[in-house]
Amino acid sequence: MGLMAWIKRVAGLSKDKKLTCAECSASFFFEEGEQKFFTERGLSEPKRCPTCRKNTRRNRGPRRH
Ligand SMILES: [Zn+2]
């Protein structure tokens with residue numbers, strides 16, 4: 001994340017959406033650009049943080065604790 005994006009986010013100017021991961025309960029940002037991508041394709045918001053999404057892709061299944 002660039003410094004400007006971070007400043008915008010902290011100042012509340014960013015349209016990034018703060019979401020909570022359904023898998024590890026970590027907070028993550030659904031970035032403005034990503035929101036557009038998802039909306040254009042009629043997809044719903046991601047339920048998992050980028051880390052879990054990556055892990056899922058690698059492990060081919062949900063990770064259990
Ligand atoms: Zn997660």
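This tour walks along one protein chain, with a selection to make at each stop. The model is predicted.

**Whole chain**

Start with the protein chain in cartoon view. Its secondary structure comes to 3 helices and 2 strands. Along the sequence, the pattern reads α-β-β-α-α. Now think about burial. Of the 65 residues, 3% count as buried. Contacts are worth a look too. Take those with a separation of 6 or more: residues 24 or more positions apart account for 31% of them.

**Stop 1: helix H1**

Select residues 3-10. This is helix H1, and it has 8 residues. How many of them are buried? The number is 0, so H1 lies largely in the open. Keep the helix on screen and rotate it. An α-helix has 3.6 residues a turn, so residues three or four places apart point the same way.

Next, select Gly12. Gly12 comes just after H1 and takes a positive phi of about 80 degrees.

**Stop 2: Ser14**

Move on to Ser14, in the loop between H1 and E1. Is Ser14 buried or exposed? Ser14 is partly exposed, because 17 other C-beta atoms lie within 10 Å, between the limit of 12 for exposed and that of 20 for buried.

Show what Ser14 touches. Leaving aside neighbours within four places in sequence, the contacts of Ser14 are Ala5, Lys8, Arg9 and Glu32. Draw a C-alpha to C-alpha distance from Ser14 to Glu32. The two are 7.7 Å apart in space and 18 residues apart in sequence.

**Stop 3: the hairpin**

Select 17-20 for strand E1 and 27-30 for strand E2. The two strands pair in the antiparallel sense over 4 bridges. They form a hairpin with 6 residues between them.

Check the register at two places:

- Select Lys17; opposite stands Phe30 in E2.
- Select Thr20; opposite stands Ser27 in E2.

While the strands are in view, trace the side chains. In a regular strand the side chains alternate between the two faces of the sheet.

**Stop 4: Leu19**

Stay in strand E1 and pick Leu19. Leu19 is partly exposed, because its count of 16 other C-beta atoms within 10 Å falls between the limits of 12 and 20.

Which residues does Leu19 contact, leaving aside its neighbours within four places in sequence? They are Phe28, Phe30, Glu45 and Pro46. Now add Phe29. Leu19 and Phe29 are 6.0 Å apart in space, C-alpha to C-alpha, and 10 residues apart in sequence.

**Stop 5: Ser25 in the turn**

Select Ser25, in the loop between E1 and E2. What is the phi of Ser25? It is near 65 degrees, a positive value in a residue other than glycine. Ser25 is exposed, because 8 other C-beta atoms lie within 10 Å and the limit for exposed is 12 or fewer.

**Stop 6: helix H2**

Finish with residues 32-40, helix H2. H2 is hardly covered: of its 9 residues, the count of buried ones is 0. Glu32, met earlier as a contact of Ser14, can be highlighted again here. Then select Gly42. Gly42 follows H2, and its phi is positive, near 65 degrees.

Notes: Residues are numbered from 1 along each chain as its sequence is written. This is a predicted model: local features need pLDDT of at least 70, side-chain atom pairs count only at pLDDT 80 or more; totals for chains, interfaces and linings use all residues. Two strands pair if DSSP finds at least two bridges between them. Two residues are in contact if their C-beta atoms, placed from the backbone, lie within 7 Å.
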